[in-house]
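Biologist: I've got a model with several chains open on my screen. Can you teach me how to read it?

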Protein chains: 4
Amino acid sequence: MPIVDADGATGANADETLSATVVGGSGFAGGELLRLLAGHPNFDLAGATSREYAGKSVGSVHPNLRGTDLRFSDPADLDSVDVLFAATPHGVSMEQIDDFYEAADTVVDLSADFRLNTEAQYEEWYDGHDAPEYLDEAVYALPELHREELPGADLVAAGGCNATATILGLYPLFEAGILDGDEQIVADVKVGSSEGGASASKAGSHAERSGVVRPYAPTGHRHEAEIEQELGASVSFSAHAVDMVRGAAATCHVFPDEPVSNGDLWSAFRGAYDEEPFVRLQSGGSGVYRYPEPKAVAGTNYAEVGFELDPGNERVVVFSAIDNLVKGTAGQAVHAANVALGLEETAGLDFQGLHPVGSP
Amino acid sequence: MPIVDADGATGANADETLSATVVGGSGFAGGELLRLLAGHPNFDLAGATSREYAGKSVGSVHPNLRGTDLRFSDPADLDSVDVLFAATPHGVSMEQIDDFYEAADTVVDLSADFRLNTEAQYEEWYDGHDAPEYLDEAVYALPELHREELPGADLVAAGGCNATATILGLYPLFEAGILDGDEQIVADVKVGSSEGGASASKAGSHAERSGVVRPYAPTGHRHEAEIEQELGASVSFSAHAVDMVRGAAATCHVFPDEPVSNGDLWSAFRGAYDEEPFVRLQSGGSGVYRYPEPKAVAGTNYAEVGFELDPGNERVVVFSAIDNLVKGTAGQAVHAANVALGLEETAGLDFQGLHPVGSP
Amino acid sequence: MPIVDADGATGANADETLSATVVGGSGFAGGELLRLLAGHPNFDLAGATSREYAGKSVGSVHPNLRGTDLRFSDPADLDSVDVLFAATPHGVSMEQIDDFYEAADTVVDLSADFRLNTEAQYEEWYDGHDAPEYLDEAVYALPELHREELPGADLVAAGGCNATATILGLYPLFEAGILDGDEQIVADVKVGSSEGGASASKAGSHAERSGVVRPYAPTGHRHEAEIEQELGASVSFSAHAVDMVRGAAATCHVFPDEPVSNGDLWSAFRGAYDEEPFVRLQSGGSGVYRYPEPKAVAGTNYAEVGFELDPGNERVVVFSAIDNLVKGTAGQAVHAANVALGLEETAGLDFQGLHPVGSP
Amino acid sequence: MPIVDADGATGANADETLSATVVGGSGFAGGELLRLLAGHPNFDLAGATSREYAGKSVGSVHPNLRGTDLRFSDPADLDSVDVLFAATPHGVSMEQIDDFYEAADTVVDLSADFRLNTEAQYEEWYDGHDAPEYLDEAVYALPELHREELPGADLVAAGGCNATATILGLYPLFEAGILDGDEQIVADVKVGSSEGGASASKAGSHAERSGVVRPYAPTGHRHEAEIEQELGASVSFSAHAVDMVRGAAATCHVFPDEPVSNGDLWSAFRGAYDEEPFVRLQSGGSGVYRYPEPKAVAGTNYAEVGFELDPGNERVVVFSAIDNLVKGTAGQAVHAANVALGLEETAGLDFQGLHPVGSP
């Protein structure tokens, strides 16, 4: 009997069992998928591939999964399953999408390969696209924005972690007409080291990255493309590495053209999220944790959003916090898959997080 | 379909629903109890008390439980329940044990008040005992050592976190006769800041405690009493604060009187734990995580144990790692309650942990 | 023979020795003063006061100063000295300024009590002022802005740490006319736990503050007052606690009315700081550390500033990083005192920092 | 006027200026050497070599040295200097020792290549030795043990960081006859990530290494060789990675054959270290920092040592803490060079450390 009610809509297939595989299971996002699918009531985890670790046990790479018998297989040997989750680096899914479809009816992709709607975007922000014919059918995974389009989708594309945090923070203001896209919008984002992925790098070493506030991609971050696509407005985005492992926190500073009241803001955020099982509205209040914080959602599929009105300069500060590997990647993918496949919306995503927790 | 099989024995009452309350729910251990009980299939969480936060929402204290409607009630108003979990500071349970029994048939205590078997121990290590007549019926909670005594127990006493880590590491060596208690045994333990509890202190402030290796209680730690009780041998114990929030890691250095082989050690540890659902044997192997580590079990009820033989000086180094708030406190209590009440042994304890994770 | 040349102007009194005392020596800023003055070639540290620790050794509070014979004295017993440094909480200096002047010719205050120029500002941002007659003679300590006014000043008021980081980042843009105060200017600041001071608090405990990205004072931060005073423009300021002990990093997002080039920006920053001994211009380049970072200046009196131009949205992102306790407080005070007293400008401030360093 | 008196003996050459170069200046130890030599009153830093970064500025690798004009040169172009400091990986110095001597009269080596006295030790613990004819003339750098042998030495070999911490903790007990080498001695050492060096590795990445208590080299650590050499006794050594960047803390558990009193211990430690400028005896007392801690010595050349007697089990627990890159490597080298060359013993080593400081 959960004290926190995370139930969402229950679909027609809530009692089904579907086979699933994870392509690219040795990275951080892949590991999260394995953890979530292993505990999911509707998925039967049939396999996990890794080029680098083929033949090795999943637990030797992801120590939280020590004890399982599952071993990584070679990505060349894809068995047929109902659902294929791909957690491969950017560029792989667009190359292998035909193979993925041969192996599975439903493909859920965690890379950037199918997030954007048009080939033109990929030419502007990435190095073009190898399979543009699939872009039309791909659905951006965030159920908060695309719940109607997800059911029955064959190709689901999980959003980027920083984009997810930023979009969820700003979306209510656009929905409520408080912003219309002509304003200057600053998104100042703070991110954990797991965003850098599982590969070793000098900048990502413990000695160099501990205790940092390190600007990276202060301008021109690729996630601007999907933020603009989803919100219909351009955002001035800057990211900073800070000392945590998991988490992305977006602070958006916006200056609406028309004066806005606290009541307007509460209406906007409640209107957008009151029915959402994985968004918590957190603005002020008492105690140590008064605004959205990555720590409060670490390990979970929750996003926290909140705001504060600065009357002197007609600014609204919007806060948004997620676990980049869960709500920002693997949890978002599972959530979207649940909706796409007609399962209970919250299935497999019931972990409530920990308190206290350090660098989440 | 969990890839990690955590199933333990299933008791006769696996389908029952029992009402439960948490006395002292605002501390770190109490918060973990609330989290675990809220997700437990057999417990109906009826209430949580807090002197300091009576009337406030549970989520205002434990941000991971934001969204719940549960509010703390005054400890003076204890409703009748099937099971009462007490997470109060040392000395409270021994004073209120009669009230606890009036409210519930089964009492599970997380303090030190009923861990030791005799009044003499409390006189030696604490300030005596107010209710020594209950000491006989209390069962030390570790199922790995007391699985036979737990079923039907009215009073279950969760072990101390540091003691739990140390006991689980050394127990196989005593069971196998490799140690008999005459040897010099050093337990050098590293612990996270959550062991200090939720109260503010100068030594526990972020600025003073970050990045520390700080000896505390280098001699005379009270957990020595329960270690000696459970193992039948005295241990030279020293604790150090290190920079993590959750976790206790014990490194025990022992010098058996007789030469011992790696095979002997594997036999000892496998014999002790092969059937245990919450103990993972982790010794060597490949990858980044080769020995027991708190990070690998953060948030979970697992203990990891491992060893290495130092042939040159006839030393065995034993490693043991737990999450101090789960396996070291609240998870151990739920595990023991499951066994005591005839529920499925692993019910409510299926979280597999996260990878990567920072300071757990 | 320092490889890093930190020499600044040498004043007429470079060979003098002056007696100095620290009022309020047990806090973090006071401890930094003691460290800096103890190693300063021109100051003879005559005493340090602390209400709470009177009679105790300085090293029992500041472990880096273990070994010294100096003990805290009662603040009621102020000896006469040449220079009095006050590191007391806000409100104390304005009450005791007459006593300070009785004890010393020159007073350097590290609190907020004399930073603002007018009583009206104190009424708007604080709780008014007890000694407004001294506001006129107080000089804001930043030599980069007030080098001409400092020599001979009797009362020097060190700026706030967050204000210092923000002001130093934006100042060149105002000096060069790139900004004129009509623009929307966002200052998103990330700060370490030492800003919270040495007192214990629940929010500041290691378990609650580790790994955070925690908004605090997202609007209405008092440092806005001095930023506006020094720059002549209002800034939309928001602060976030992140996981470091020392450090303040300001990211300012500005949108100049007229298009601006990289050359314009380099000119502005070089023009402002090329002669400054304690400002390093750091924009891009190779290696792990390409922009200003608190880690790169931890323990030192340096500020690092840098910028990046975002052509798409006509935004300039300005970065600024300092050690909040040195350049943001105690080092700034010593630097200003050097200038005020005609000493060598960089005397006592030659520590070059460490690499690598963790949470600085 | 330093409040902490760090003066040591002043040699005959205290007013000389000597030219110095650093071979292998891009690693962590090399960077510390550059920092220390740049601020040293007697050394004129003539160059720094790096194979990987030849031609690049020193500040692009060591951000604390940003602003200097010094660039790395190719190690093939060694200029003649008075003193050559080598901070190259193990095995390089023994190959190039003849070149080093050609370039300089005095060689100070920070690697393991000349620490051990005999070729047999190198065959047992390493892969043999290429230049065993130099082993006789090399002096182990710790002045606390070798002050008499250092003056005039041509070849000085800095000790290993973990060995340094362990040796300094145990040395007084051997000197005082409390231990004679027949006892079982456990050294349980906790180390920071900078010990792993500047190269990138998966295990050393921030996401994997944050918050760890990770056993490494639990048996058979090579530093056992030099500990045994310096103390004349075998030690059971185990190292653990913990979450700090700088620091090594050794906790030694020893069981003297004869009963020992607190007075005996104080006599032993005072006798060994009372005259030592860089050893602080810290045992108990009040405040947050009561025992040796790496944080209290971070960035400095101090070692802190302390002890506690456990009467029940006749154990003495000895604590020792250093900054692994300073007292454990580069500072020790400079200290030994000062003694070897007849300079003031403490020259260039006067940094007192910071408070508060995070992961040092």
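Modeller: Start with chains A and D: a rotation of 180° with 0.0 Å of shift along its axis lays chain A on chain D, at an RMSD of 0.0 Å. The two copies are therefore related as by a two-fold rotation axis. The fit is by least squares on C-alpha atoms of residues with pLDDT of at least 70 in both.

Modeller: Some ground rules: this is a predicted model, where local features need pLDDT of at least 70 and side-chain atom pairs pLDDT 80 or more, while totals for chains, interfaces and linings use all residues. Residues count from 1 along each chain as its sequence is written, chains are lettered from A and ligands numbered from 1 in the order written, and side-chain values use heavy atoms, without hydrogens and water.

Biologist: Through which surface do the copies meet?

Modeller: Through the same one, because 100% of the interface residues of chain A are also interface residues in chain D.

Biologist: And how do I read a pair of helices?

Modeller: Look at the angle between their axes, which are lines fitted to C-alpha atoms over the stretch in contact, with angles from 0 to 180 degrees between N-to-C directions. Helices are DSSP runs (H or I, at least four residues), numbered from the N terminus. In chain C, the axes of H6 (residues 161-175) and H9 (residues 262-273) come within 8 Å and cross at roughly 115°. That makes H6(C) roughly perpendicular to H9(C) (65 to 115 degrees).

Biologist: Which residues of H9(C) make the contact?

Modeller: Leu265(C), Ala268(C), Phe269(C), Ala272(C) and Tyr273(C), where contact means heavy atoms within 4.5 Å.

Key: Helix = DSSP H or I, 4+ residues; strand = E, 2+ residues; numbered from the N terminus. Parallel < 35°, antiparallel > 145°, perpendicular 65-115°, else oblique.
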